[in-house]
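Hi,

Here is the structure I promised to pass on. Have a look at it first, and my notes on what turned up follow below.

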Amino acid sequence: MKTAVLLMAHGSPDSLDQMEPYLKHVMTRRPPTPEFVDEMRARYRRIGGRSPLLEITRRQAGALSRRLSLPVQVGMRHWTPFIQESVEELRREGIERVIGLAAAPHYSPISGGAYQTVLEKAAPDLKITLIRSWAGEPALHQCWASRLRVGPSVLFTAHSIPVEGAEPYPQELQTTVRGIVDLLPGVEWSFAYQSRSPSPIPWLGPEIPEKLKELSGREVWVAPIGFISEHVETLYDLDVLHRSQAEALGIRWTRVPMPNDDPLLIEAMAHAVESCL
């Protein structure tokens with residue numbers, strides 16, 4: 001059976017002009033206000049006008065393809081190249097089985113369920129296998145541990161989601177954290193959620209501003225283990241917004257580099273795929 005991997009991510013606009021249609025694709029229940037569109041454009045201007053997410057994901061796909069000796073296509077949930085478009089391209093190439101790998105190691109019903117639905121709708125005639133989680137991959141833990149050192153306090157972060165229906169997401173995040181700290185005996189660490197969307201319903205916490213109060217005056221290394229690539233939630237949320245909050249509390253803030261296409265990250269992805277084959 002001719003098999004390919006579909007590496008899937010959230011997606012991001014390619015230019016500021018695309019911000020409004022992009023946000024409308026993301027916010028289907030409540031369309032974005034003009035003020036929110038302007039706010040997001042301002043955030044993207046602070047990081048150079050666009051996110052590097054697509055470029056990095058394509059580099060990851062190329063490295064993963066070479067490692068597996070399999071075709072690896074990139075598909076985005078909320079912007080081009082859309083998952084549906086990428087599946088159609090694989091179909092034209094004669095692919096019969098698609099292994100879906102989300103570019104986020106931790107499963108949540110919100111994102112994981114959405115990827116499954118989109119894949120099944122796009123490819124009812126193909127055999128679909130969705131990798132539910134790769135949070136426990138040893139190479140992933142080694143990749144993050146190589147970026148940290150014992151000494152400063154480490155703050156692990158991940159994207160918050162609504163409390164209702166969040167399981168098993170919090171437990172999966174702790175699996176990754178424990179795998180990392182086991183490689184760094186004696187490291188002092190804490191955990192907080194980031195990038196909560198405006199909403200009246202309860203979201204997972206504690207959030208970063210709350211945790212920063214406990215770290216006042218310390219040296220803190222920030223490891224966004226809920227993500228694998230540089231994008232707006234690292235380049236703006238952490239490097240601009242939360243850095244300024246931390247520095248106001250006398251915190252010496254170092255945000256560690258993202259894995260991007262680090263060979264250890266590619267090895268973690270490859271092992272997750274090989275476990276399906």
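Just past helix H9, Gly-250 has a positive phi of about 75 degrees. Before you read too much into any angle, bear in mind that this is a predicted model.

Helix H9 itself is a good place to start looking around. It covers residues 232-248 and has a kink of about 40 degrees, with His-242 at the centre. His-242 is also among the buried residues of H9. The others on that list are Val-232, Glu-233, Thr-234, Tyr-236, Asp-237, Leu-238, Val-240 and Ala-246. What lies over them? The cover includes two helices, H2 and H8 (208-214), along with strands E5 (153-159), E6 (189-194), E7 (219-223) and E8 (252-255).

One of those buried residues, Asp-237, turns up again among the charged contacts. It belongs to a network of salt bridges together with Glu-39 and Arg-43.

On to the salt bridges in general: the count comes to 18. I picked out three pairs to show you.

The first to look up is in helix H2 (residues 34-46), where Arg-41 and Asp-38 sit three residues apart, about one turn of the helix. Their closest N and O atoms are 3.7 Å apart, and the two form a salt bridge. Asp-38 counts as partly exposed, at 43% relative accessibility.

Helix H3 (residues 53-68) holds another pair, Glu-55 and Arg-59, four residues apart and again about one turn of the helix. This salt bridge has its closest N and O atoms 3.5 Å apart. How accessible are the partners? Glu-55 is partly exposed with a relative accessible area of 46%, and Arg-59 is partly exposed too, at 34%.

Then there is Arg-91, whose side chain meets that of Asp-125 in a salt bridge (2.9 Å, N to O). Arg-91 is in helix H4 (residues 83-92), while Asp-125 is in the loop between helix H5 (109-122) and strand E4 (127-130), so this pair ties together parts that are 34 residues apart in sequence. Arg-91 is partly exposed, with a relative accessible area of 24%.

If you want a quick tour, I'd go to the kink at His-242, then to the network with Asp-237, and finish at the Arg-91 and Asp-125 pair.

Cheers

Note on methods: Residues are numbered from 1 along each chain as its sequence is written. This is a predicted model: local features need pLDDT of at least 70, side-chain atom pairs count only at pLDDT 80 or more; totals for chains, interfaces and linings use all residues. Side-chain values use heavy atoms; hydrogens and water are left out. A salt bridge is a side-chain nitrogen of Lys or Arg within 4 Å of a carboxyl oxygen of Asp or Glu. Buried means under 20% relative accessible area, exposed over 50%, partly exposed in between (1.4 Å probe, protein chains only). The bend at a residue is the angle between axes fitted to the seven residues ending there and the seven starting there. Contact means heavy atoms within 4.5 Å.
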